[in-house]
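Please walk me through this protein model, starting from a single residue and working outward to the fold, the empty spaces and the charged contacts.

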Amino acid sequence: MTTGFQHLHSFLAYIVLAGIIFSFISALIGALSGKEFSEKDRKFGLIGMILAHIQLLVGIGVYFLSPVGLSNLSGETMGDSMSRLYALEHPLINIIAIALITIGYSRAKKLTESKSRFRSIYMFYGVAFILILSRIPWDAWLN
């Protein structure tokens, strides 16, 4: 079961990153072109947020099931960079990133000016994307 969750988490990562990039680029183009923020633009932002939340739920499952997750969290783990990445840095930074995505989307819904709505999405999604990329275990993910 753990292996299945890990494979699902790795597979979804590609889709989530594509969804966040798509939402980011769509909002950036909207802001730079000066167009009106439409229902379609809101849904593009929603796609990125929903995908990120699904990935978070699967990741929480992996964290509690995997031997390198919560069960590996100890003083010794902090001395090994890969163990620390899996047990602490990856989950914590990605939770922060998903919180930023949620904040950006929520702000965009509440704002009234189109440029501000687009800016809220591309700024928060962009920072979240960078945070996510910074904590991906690249050696394990690309193999």
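Where is the place of Met 78? In this predicted model, Met 78 sits in the loop between α2 and α3. Met 78 has a relative accessible area of 32% and is therefore partly exposed, as the range for that class runs from 20% to 50%.

Met 78 also belongs to a nonpolar patch on the surface. The other members of the patch are Leu 57, Ile 60, Phe 64, Leu 70, Leu 73, Leu 88, Leu 92 and Ile 96. Together, the residues of this patch have about 780 Å² of accessible area. Two elements, α2 and α3, each give two or more residues to the patch.

The chain as a whole gives the setting for these details. The protein chain has five helices and zero strands, and its pattern along the sequence reads α-α-α-α-α. Its C-alpha atoms fill a box of roughly 50 × 25 × 25 Å along the principal axes. Of the 143 residues in the chain, 39% are buried.

One of the residues in helix α2 is Tyr 63. Is Tyr 63 buried or exposed? Tyr 63 counts as buried because its relative accessibility is 17%, and the cut-off for that class is under 20%. Tyr 63 and Gln 6 are 57 residues apart in sequence, while their C-alpha atoms are 9.3 Å apart in space.

The next topic is empty space. Rolling a probe the size of a water molecule over the atoms shows where such space is left. The largest pocket has a volume of about 790 Å³. Its lining consists of 30 residues, and the ones nearest its centre are His 9, Gly 59, Val 62, His 90 and Pro 137. Two or more lining residues come from each of α1 (2–33), α2 (39–65), α3 (81–110) and α5 (138–141). The element that gives the most is α2, with eight residues. By type, the lining of this pocket has 19 nonpolar residues, 11 polar residues and no charged ones.

Closed space is a separate matter. How many cavities of 30 Å³ or more does a search of the whole structure find? The search finds one. The largest cavity has a volume of about 30 Å³. Its lining is made of Ser 23, Ser 26, Ala 27, Phe 37, Asp 41, Phe 44, Gly 45, Phe 118 and Ile 121. At least two of these lining residues are supplied by each of α1, α2 and α4 (114–134). Five of the lining residues are nonpolar, three are polar and one is charged.

Asp 41, which lines the cavity, leads on to the charged contacts. Side chains of opposite charge can pair when their charged atoms come close. The structure holds four salt bridges. In one of them, the side chain of Asp 41 meets that of Lys 35, at 3.3 Å from N to O. The two partners fall into separate classes of accessibility: Asp 41 is buried, because its relative accessible area is 3%, whereas Lys 35, with 34%, is partly exposed.

A further salt bridge joins Arg 42 to Glu 39, with 2.5 Å between the closest N and O atoms. Both residues lie in helix α2, three residues apart, which is about one turn of the helix. Arg 42 is partly exposed at 22% relative accessibility, and Glu 39 is partly exposed at 44%.

Glu 89 and Arg 135 form another salt bridge, in which the closest N and O atoms are 2.8 Å apart. This pair links distant parts of the chain, as Glu 89 is in helix α3 and Arg 135 is in the loop between α4 and α5, 46 residues apart. Glu 89 counts as partly exposed at 22% relative accessibility, and Arg 135 counts as partly exposed at 24%. Arg 84 also enters the picture here: salt bridges that share partners join Arg 84, Glu 89 and Arg 135 into one network.

Methods: Residues numbered from 1 in each chain as written. Predicted model: local features only at pLDDT ≥ 70, side-chain atom pairs only at ≥ 80, totals over all residues. Heavy atoms only, no water. 1 Å grid on protein atoms, 1.4 Å probe; cavity = no way out; pocket = protein on both sides within 12 Å on 5 of 7 lines; lining within 4 Å. Points joined across faces, edges and corners; volume = space filled by probe spheres on them. Helix = DSSP H or I, 4+ residues; strand = E, 2+ residues; numbered from the N terminus. Nonpolar A, V, L, I, M, F, W, Y, C, P; charged D, E, K, R; others polar. Patch = residues over 30% accessible without salt bridge, like charges linked within 9 Å, V, L, I, M, F, W, Y side chains within 5 Å. Areas by Shrake-Rupley, 256 points an atom, 1.4 Å probe, with all protein chains shown as cover. Buried < 20%, exposed > 50% of the residue type's maximum accessible area, 1.4 Å probe, protein only.
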